[in-house]
Amino acid sequence: MIGKLKNKAFNITILTVLITVTMQFSFIRYASYGIDKTDYGNFVLLQTVIAGLSAVLLQIPGQAFDRFYNHCKDKSEFVNEFKTILIGINGISLILITVYGTVYKRFSLEILLLLFLYFVLLNNYTLNQKVFLLNMQRNKYFYLQILESSSKFLFPIIFYFFFHTLASILYGIVIGYTVSYIVLQRYLKTYRFKFILHWEKLRHYFLFAYPIVFVSLFTWGISFSDRYFIDYFLSTEDVAVYSLLAMVAGVGQIVGQVYFMYAEPKILKHYAKNRDQTHRMINAYIFKLIIVFVFLSIIAMVLPKFFYTILIEKNIIFTPYYFHTMMILLVAMFVNILHVAYHMHLKLLNRLDILAYIFFAALIINLTGNLFIPTYGIIAAALATLLAYLVIFVLQIFAVSRLKTEKRYV
């Protein structure tokens with residue numbers, strides 16, 4: 001019976017990922033063939049802002065929510081604590097977006113307002129849907145993931161098809177997330193909102209997770225700052241091409257999504273019962289991921305190029321320079337998944353502070369590599385990203401090994 005339940009949970013996870021990835025493929029295809037490169041390049045720059053805001057503002061509540069949800073007695077009060085925290089975060093985001101619009105004068109007031117609404121809906125939706133993942137309610141989480149993918153990938157296509165403007169892409173996302181959030185609130189009707197703020201608990205969450213803010217900020221720099229380097233050194237159209245190649249390479253996220261949706265909730269739940277065995281469980285998962293990624297990398301490299309034209313324009317994918325850039329980004333994506341999965345060791349050990357130093361070193365390497373973009377083009381950005389992720393992975397292995405030697409497991 002238990003085996004059947006486990007298989008059902010895994011099957012739902014696989015189905016969730018396959019459907020969401022199919023929607024993502026549809027968006028990549030339409031973005032490559034149907035969206036003006038300038039519009040798409042500017043949209044990527046705005047998405048980079050959203051990623052930066054998430055890195056700075058959402059990591060403390062997000063990490064604390066994951067870590068302590070299974071340990072709280074009153075789930076409703078716990079969820080409302082974090083809903084209350086999001087109110088303050090939304091206010092701060094409005095200030096930061098206003099500053100961004102003042103300094104970076106490329107975008108209109110309408111675009112900036114849509115950007116703010118996008119962030120508010122995104123962070124509320126992301127945090128609240130975690131309730132169903134951490135409760136192992138995979139059926140409901142399945143529907144919520146489908147709705148979110150529709151908001152990110154299908155609604156923007158529909159709106160751009162009719163209006164052909166940068167604003168229409170954002171309108172599609174905002175309206176899509178609004179519909180999704182209404183459905184989410186119906187699922188959360190047992191968690192009726194109450195303004196709850198415990199300063200002592202807030203301090204506890206902050207002390208646990210504040211190092212991850214630096215980690216996330218450095219991660220943003222490694223993963224997304226290259227878009228602004230490319231925009232500055234080359235052009236907005238090059239930003240669009242690079243981002244399309246990165247999205248195709250992002251197909252590798254399928255394995256990562258399966259892992260983080262299926263394995264991580266099990267790890268967090270198991271940790272409350274057997275801490276030492278949980279660390280061995282993580283290592284076993286990492287080894288399996290490495291085998292899968294080596295196999296997939298080989299397949300991606302030998303696959304006939306015309307298969308990639310399903311998603312991206314022929315004149316791009318048949319250019320060796322762009323194809324090699326995409327392959328480098330694919331390997332970088334795999335290494336990124338590995339190091340994110342591996343840092344669960346440090347997360348469970350309450351040693352996220354170590355990650356801050358590791359990611360800072362990787363960020364310096366990445367930013368230095370991006371300075372070669374004027375000479376070598378977008379392939380320099382891809383190589384800088386790959387090298388940074390490799391440094392993170394290797395340094396994490398070294399740090400965890402040292403903690404084992406010092407017998408500092410808690």
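**A pocket, its helices and a set of ring contacts**

The largest pocket encloses about 680 Å³ of space. This description rests on a predicted model, and the pocket is a good place to start exploring it. The lining is made up of 27 residues, and those closest to the centre of the pocket are Val251, Gly252, Ile254, Val255 and Leu296. Several helices take part: α1 (2-34), α9 (236-249), α10 (253-271), α11 (275-302) and α13 (320-342) each give two or more residues to the lining. The largest share comes from α11, with seven residues.

Attention now turns to a single residue, Ser225, which is found in helix α8, spanning residues 199-233. Is Ser225 buried or exposed? With a relative accessible area of 8%, Ser225 falls under the 20% limit and is therefore buried. Leaving aside residues up to four places away in sequence, the neighbours that Ser225 touches are Trp220, Asn366, Leu367 and Asn370. A polar atom of the Ser225 side chain also lies 2.3 Å from the backbone oxygen of Gly221. The fold brings Val49 into the picture as well: 176 residues separate Val49 from Ser225 in sequence, while their C-alpha atoms are 9.7 Å apart in space.

Aromatic rings offer another way to read the model, which holds 22 aromatic pairs. One of these joins Tyr104 and Phe107, whose ring centres are 6.1 Å apart and whose planes meet at 35°, a tilted arrangement. How do the two partners compare in their exposure to the surroundings? Tyr104 has a relative accessibility of 21% and so counts as partly exposed, because buried residues must be under 20%. Phe107, in turn, is buried, because its relative accessible area of 8% is under that limit. Elsewhere, Phe27, Tyr40, Phe43 and Phe153 come together as one aromatic cluster.

Rings also meet charged side chains in this model. Arg29 lies over the face of Tyr33, at a distance of 4.1 Å from the ring centre. A second example involves Lys305, whose charged end sits over the ring of Phe323, 4.6 Å from the centre of that ring.

Technical notes. Residues are numbered from 1 along each chain as its sequence is written. This is a predicted model: local features need pLDDT of at least 70, side-chain atom pairs count only at pLDDT 80 or more; totals for chains, interfaces and linings use all residues. Side-chain values use heavy atoms; hydrogens and water are left out. Helices (H or I, at least four residues) and strands (E, at least two) are DSSP runs, numbered from the N terminus. Buried means under 20% relative accessible area, exposed over 50%, partly exposed in between (1.4 Å probe, protein chains only). Contact means heavy atoms within 4.5 Å. A polar contact is a pair of N or O atoms within 3.5 Å; within protein, one must be able to donate a hydrogen and the other to accept it, and residues adjacent in sequence count only if both atoms are side-chain atoms. Rings of Phe, Tyr and Trp (its six-membered ring) pair if their centres lie within 6.5 Å; planes under 30 degrees apart count as stacked, over 60 as edge-to-face and the rest as tilted. A charge sits over a ring if NZ of Lys or CZ of Arg is within 6 Å of the ring centre and within 35 degrees of the ring normal. On a 1 Å grid over the protein atoms alone, a cavity is a set of points where a 1.4 Å probe fits but cannot get out, and a pocket is an open set with protein on both sides within 12 Å along at least five of seven lines; lining residues have an atom within 4 Å of a point. Grid points are joined across faces, edges and corners, and a volume is the space filled by probe spheres set on the points.
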